[in-house]
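Let's take a walk through a protein together, one stop at a time. Have the picture open and follow along as we go.

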Amino acid sequence: MFTLPFPLRDANPSSGSENLGDLPEWDLNDLYTAPNAPELEADMGFLEKECAAFAADYEGKLATLSADEMLTCIQRNEKISQVSGRIMSYAGLRYYQMTVDAERAQFMANCQEHLTDFSTPLVFFTLELNRLEDDHLDALMAANADLARYKPVMDRIRAMKPHQLSDEMEKFLHDLGVVGDAWERLFDETIAGLEFEMDGETLNIEATLNFLTDTDRSKREAAAREIARVLGNNVKTFARVHNTQAKEKEVLDRWRNMPSAQSGRHLSNHVEPEVVEALRDAVVAAYPKLSHRYYELKRKWLGLESMQVWDRNAPLPMDDPRIVDWDEARKTVSEAYGAFDPRMAEIAEPFFTDGWIDAAVKPGKAPGAFAHPTVTNVHPYVMLNYLGKPRDVMTLAHELGHGVHQVLAAEQGEMLSSTPLTLAETASVFGEMLTFRKMLDAAETQDQRKVLLAGKVEDMINTVVRQIAFYDFECKLHAARRESELTPEDINALWMSVQAESLGPAFEFMEGYETFWAYIPHFVHSPFYVYAYAFGDGLVNALYAVYAEGDAGFEEKYFDMLKAGGSKHHKELLAPFGLDASDPKFWDKGLSMISDMIDELEAMED
């Protein structure tokens with residue numbers, strides 16, 4: 001199966017203005033010039049022939065290959081991945097620019113089906129590779145240094161060895177994958193097609209979510225109630241998608257003897273379950289000193305007896321309502337990157353100048369924001385829905401961090417460049433932190449400092465506390481689905497069971513909020529993805545503390561970490577910084593940075 005890019009960032013929604021300057025749009029010509037471009041047709045032809053030739057040359061023969069022959073085999077497989085990845089990147093990015101365009105949806109679906117058909121003969125490769133003895137594979141890698149480079153890929157493939165099925169069954173599941181993808185498309189198209197009535201206007205979900213940060217509380221409430229109304233009217237569709245996806249996962253997990261619903265995600269993230277559970281437990285234990293304490297402060301600032309869900313991302317009374325135009329956002333982020341290391345600003349520059357960013361909010365465009373790496377012989381693309389609020393500047397810094405990471409990791413090649421999700425958030429969150437510190441240093445008054453600190457705390461709560469609450473919701477959802485079909489009311493109850501616990505006693509919850517799980521794409525596109533945000537934030541907070549302490553050669557070690565892509569385990573990547581994510585105390589370091597910021601905010605109240 002060939003995966004598509006999808007909106008990955010649970011970006012905080014923000015309202016903005018049309019006076020934002022010249023917002024860039026994607027130029028996808030670096031991938032292909034058109035859906036019927038001769039180059040795309042040639043690549044489709046190459047894949048059809050090469051996939052069949054690869055199977056003819058290697059199926060049933062991996063055990064007989066010499067080290068040099070095994071290297072050639074892997075490089076041919078890598079080339080197939082690169083060409084197919086280029087096609088699907090083009091199809092996916094075109095689709096996300098206009099998800100309601102039937103032609104784009106059809107083109108993407110057709111590409112996916114063709115590539116699935118072509119690649120079915122390749123299913124043998126990982127299955128046969130996993131039947132090789134460890135000693136045999138070790139001997140091959142010892143005989144050829146270029147082959148040995150691929151050991152991390154082999155290790156990840158072989159981690160699935162206990163869970164793989166027969167060759168025939170794996171081919172069947174591979175072919176069936178496009179059917180499962182149809183549920184993701186149904187979700188995307190349903191979300192993109194939702195219509196919300198606000199102030200006499202018909203809006204999409206992104207524009208309506210933006211009202212949740214409006215200074216006018218009545219508008220925030222109206223938006224929250226309108227979102228609840230529309231999601232409530234469509235909740236049966238969303239419940240059907242979740243029921244089907246979760247059941248499909250349960251069947252696959254059962255056949256593969258996965259010990260838990262989360263196990264597949266942990267394996268693909270190359271992270272130990274106990275490390276994730278240590279993170280989860282540390283965050284949940286910290287709810288009272290993080291989100292509960294912060295939202296109590298915010299309740300006082302807003303002058304409310306209790307907070308409602310439409311107050312969670314409300315601007316503070318002392319907020320600067322100024323809109324940040326695109327040129328200023330670009331300058332802020334570029335200078336923050338350059339102050340850390342000029343190389344970071346240089347790598348980021350083409351995103352702004354060469355059509356690698358699509359920034360404007362447009363009808364039919366996918367909500368949220370993401371950075372998609374495409375393939376290693378092209379370049380990444382960043383999608384934003386930029387509306388000119390300070391949080392949009394932070395989202396730019398975040399996604400550009402992904403982009404820089406993806407550019408640096410590309411030198412590893414197609415199979416080694418992809419970073420596990422837990423580490424994929426490192427450069428993005430670090431880029432946010434650099435931008436935040438630059439803005440904090442430039443604050444001229446205590447009120448400005450307070451607003452920036454509060455904004456950063458809110459972002460980190462949304463990234464750490466909220467994502468772990470999402471993770472707990474998913475754990476409960478998948479566990480419950482293993483027992484029974486779930487009604488919309490069942491799913492609503494699971495959602496609400498994590499909300500009060502994570503947000504704290506400052507909140508009351510309006511009727512209708514129980515359906516807000518329905519619009520979050522991660523649950524559908526990538527189950528259990530969400531803990532990667534918390535992992536990345538905690539990791540970066542610990543990493544930034546090392547940088548702030550003046551660690552010698554930090555910049556060079558940081559660049560080496562990003563360049564490594566997926567070629568090293570998190571233990572190996574963090575060791576040069578004196579950090580170890582498997583140490584339970586590691587997560588407390590990251591969480592203490594958030595707590596310290598809340599301490600400073602509380603001190604400002606005295």
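Before we start, here is a word we'll need: a residue is called buried when its relative accessible area is under 20%, exposed when that area is over 50%, and partly exposed in between. Keep in mind, too, that what you're looking at is a predicted model.

Let's try the word out on phenylalanine 554. Its relative accessible area is 0%, so phenylalanine 554 is buried. Its ring has a partner, tyrosine 547: the two ring centres are 5.1 Å apart and the planes sit at 40 degrees, which makes this a tilted pair. Tyrosine 547 has a relative accessibility of 22%, so this residue counts as partly exposed.

How many aromatic pairs does a search of the whole structure find? It turns up 44. Another one to look at is phenylalanine 187 with phenylalanine 238. Their ring centres are 5.9 Å apart and their planes meet at 70 degrees, so this pair is edge-to-face. The two partners come from distant parts of the chain: phenylalanine 187 belongs to helix α8 (residues 167-193) and phenylalanine 238 to helix α11 (residues 235-255), with their positions 51 residues apart. Phenylalanine 187 counts as buried because its relative accessibility is 2%, and phenylalanine 238, at 0%, is buried as well.

Rings can also join up in a group. One cluster linked by ring pairs includes Tyr294, Trp301, Phe470, Trp495 and Phe523. And a ring can have a charge for company: the charged end of arginine 343 sits over the ring of phenylalanine 559, 4.0 Å from its centre. In a similar spot, the charged end of arginine 149 lies over the ring of tyrosine 150, 5.7 Å from the centre.

Tyr294 comes back when we turn to the protein's inside. The largest nonpolar core has 140 residues, and Tyr294, Ile357, Trp517 and Tyr558 are the ones with the most contacts within it. Which helix gives the most to this core? That's helix α20 (residues 446-481), with 15 residues. To see what such contacts look like, pick tyrosine 558: leaving out residues up to four places away in sequence, it touches Phe340, Met344, Thr426, Ala427, Phe430, Leu543 and Phe577. There is another core apart from this one, made of 55 residues, and Tyr150 is among them, along with Phe107, Met154 and Tyr381.

Now zoom in on helix α20, where you'll find valine 464. With a relative accessibility of 2%, valine 464 counts as buried. Setting aside neighbours within four places in sequence, valine 464 is in contact with Val283, Ala534, Asp537, Leu591 and Ile594. Take leucine 591 from that list: it is 127 residues away from valine 464 along the chain, yet their C-alpha atoms are separated by 8.8 Å.

Our last stop is helix α2 (residues 67-97). Its 31 residues, at 1.5 Å a residue, should span 45 Å, and the C-alpha atoms at its ends are 44 Å apart, so the two values agree. This helix is mostly covered, with 23 of its 31 residues buried.

What about disulfides: how many are found in the whole structure? The search gives 0. Cysteine 73, for instance, is in no disulfide, and the nearest cysteine sulfur, that of cysteine 51, is 13 Å away. Cysteine 73 has a relative accessibility of 0%, so it counts as buried.

Definitions and conventions. Residues numbered from 1 in each chain as written. Predicted model: local features only at pLDDT ≥ 70, side-chain atom pairs only at ≥ 80, totals over all residues. Heavy atoms only, no water. Phe/Tyr/Trp six-rings, centres within 6.5 Å; stacked < 30°, edge-to-face > 60°. Helix = DSSP H or I, 4+ residues; strand = E, 2+ residues; numbered from the N terminus. Buried < 20%, exposed > 50% of the residue type's maximum accessible area, 1.4 Å probe, protein only. Lys NZ or Arg CZ within 6 Å of the ring centre and 35° of its normal. Expected span 1.5 Å × (residues − 1). Core = buried A, V, L, I, M, F, W, Y, C linked by side-chain atoms within 4.5 Å. Contact = heavy atoms within 4.5 Å. Disulfide = S-S within 2.5 Å.
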